[in-house]
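Thanks for coming. I have one model to go through today, and I will keep to what can be computed from the coordinates. Please have the structure open while I talk.

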Amino acid sequence: MIVRRLTLVCLVLLAAGPAVHAQANAPPRGRFEFATEAQLDSLYAPLVYLMHEDEQGTYPSLSVTEKRAFLRHFWARRDPSPGTPKNEAEEAFNARIAAVNRQFSEHGATEVPGWRTDRGRVYLEYGPPDITLSRRGLGATLPFSVWKYTRGTKRPRKYCFVDITRFGTFVLVYSNDPGEPSRWDWRQLLGDEGYEDALQF
């Protein structure tokens, strides 16, 4: 009787073995599969910095199922090593989002995640600056920070952020990057000394 039960248990385990092995080696389920619509929307929002023209404007009108498919396709399109469990491009971007949210979130009247701030946007597009210049601001002069990027370009790019409110709300007011607008009053915001420092930096 005992031998018969042991034999039966062994047969069941042998039959289940391939299925258990296949399940253990199956690719992990996508992180979009069980996300709520609000979670999908929060994952989608920062992608504005990476989107191609043909990817813009369609997501908001999609159903939840279609939103999942959109995000899967979006990252599959950028996967540097398709067929592997990891998508290095997605992981690197998510790490940058986490970094800018830690460093640049603004806690004023409303909570603004770091990726939506000017500093966060520039950081996401170009990475950390090579050199920075910061001034705390004295008297009427507002605190400001200048980021300088020297790598991969003949002419260094500069981005000047001013704490308009003195509560950590840094706004991009000047850049020598032709793709970025500069405020007409950025010299007054920095003061004469700060203006000269920013230009000579």
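I will start with the overall make-up, then go through some helices, the aromatic rings and a few single residues.

First, the ground rules. This is a predicted model, so local features need pLDDT of at least 70 and side-chain atom pairs count only at pLDDT 80 or more, while totals for chains, interfaces and linings use all residues. Residues are numbered from 1 along each chain as its sequence is written, and side-chain values use heavy atoms, with hydrogens and water left out.

The protein chain has six helices and six strands. Helices here are DSSP runs of H or I with at least four residues, strands are runs of E with at least two, and both are numbered from the N terminus. Read from the N terminus, the order is α-α-α-α-β-β-α-β-β-β-β-α. Of the 201 residues in the protein chain, 35% are buried. Buried means under 20% relative accessible area, exposed means over 50%, and partly exposed is in between, with a 1.4 Å probe and protein chains only. The protein chain exposes about 13000 Å², and 58% of that comes from carbon and sulfur atoms. Those areas come from the Shrake-Rupley method with a 1.4 Å probe; for residues, only the protein chains shown count as cover. Among contacts in the protein chain with a separation of 6 or more, 39% are between residues 24 or more positions apart. A contact means heavy atoms within 4.5 Å.

Now helix α6, residues 186-200. What does its span look like against a straight helix of 15 residues? The straight one would span 21 Å at 1.5 Å a residue, but α6 spans only 15 Å between its end C-alpha atoms. The expected span is 1.5 Å times one less than the number of residues. There is a kink of about 100 degrees in α6, centred on Asp 192. The bend at a residue is the angle between axes fitted to the seven residues ending there and the seven starting there.

The buried residues in α6 are Trp 186, Leu 189, Leu 190, Gly 191, Gly 194, Tyr 195 and Ala 198. Their cover includes β3 (131-135), β4 (144-149), β5 (157-163) and β6 (170-175). Take Leu 190 as the example: its relative accessible area is 1%. Beyond four places in sequence, Leu 190 touches Thr 141, Phe 144, Cys 160, Val 162, Val 173, Tyr 195 and Ala 198. Leu 190 is also 9.1 Å from Ala 140, C-alpha to C-alpha, with their positions 50 residues apart in sequence.

Helix α5, residues 118-126, has Arg 119, Gly 120, Arg 121, Val 122, Tyr 123 and Leu 124 as its buried residues. The cover there includes α4, β4, β5 and β6. Just after α5, Gly 127 has a positive phi of about 85 degrees.

On to the rings. A search of the whole structure gives 15 aromatic pairs. One of them is Phe 70 with Phe 74, stacked, at 6.3 Å centre to centre and 20 degrees between the planes. Rings of Phe, Tyr and Trp (its six-membered ring) pair if their centres lie within 6.5 Å; planes under 30 degrees apart are stacked, over 60 edge-to-face, and the rest tilted. Phe 70 and Phe 74 are four residues apart in helix α3 (residues 64-78), so they are separated by about one helical turn. Phe 70 is buried at 13%, and Phe 74 is buried at 1%. Both belong to an aromatic cluster with Tyr 44, Tyr 59, Trp 75 and Phe 93.

Two rings have a charge over them. The charged end of Arg 157 is 4.4 Å from the ring centre of Tyr 126, and Lys 148 is 5.3 Å from the ring centre of Phe 201. The criterion is NZ of Lys or CZ of Arg within 6 Å of the ring centre and within 35 degrees of the ring normal.

Last, some single residues. Glu 90 is in helix α4 (residues 88-104). Is Glu 90 buried or exposed? Glu 90 counts as buried, at 13% relative accessibility. Outside four places in sequence, Glu 90 contacts Arg 31, Phe 32 and Trp 75.

Arg 166 is in the loop between β5 and β6. Arg 166 is not a glycine, yet its phi is positive, about 65 degrees. Most residues other than glycine have a negative phi. Arg 166 is partly exposed, at 39%.
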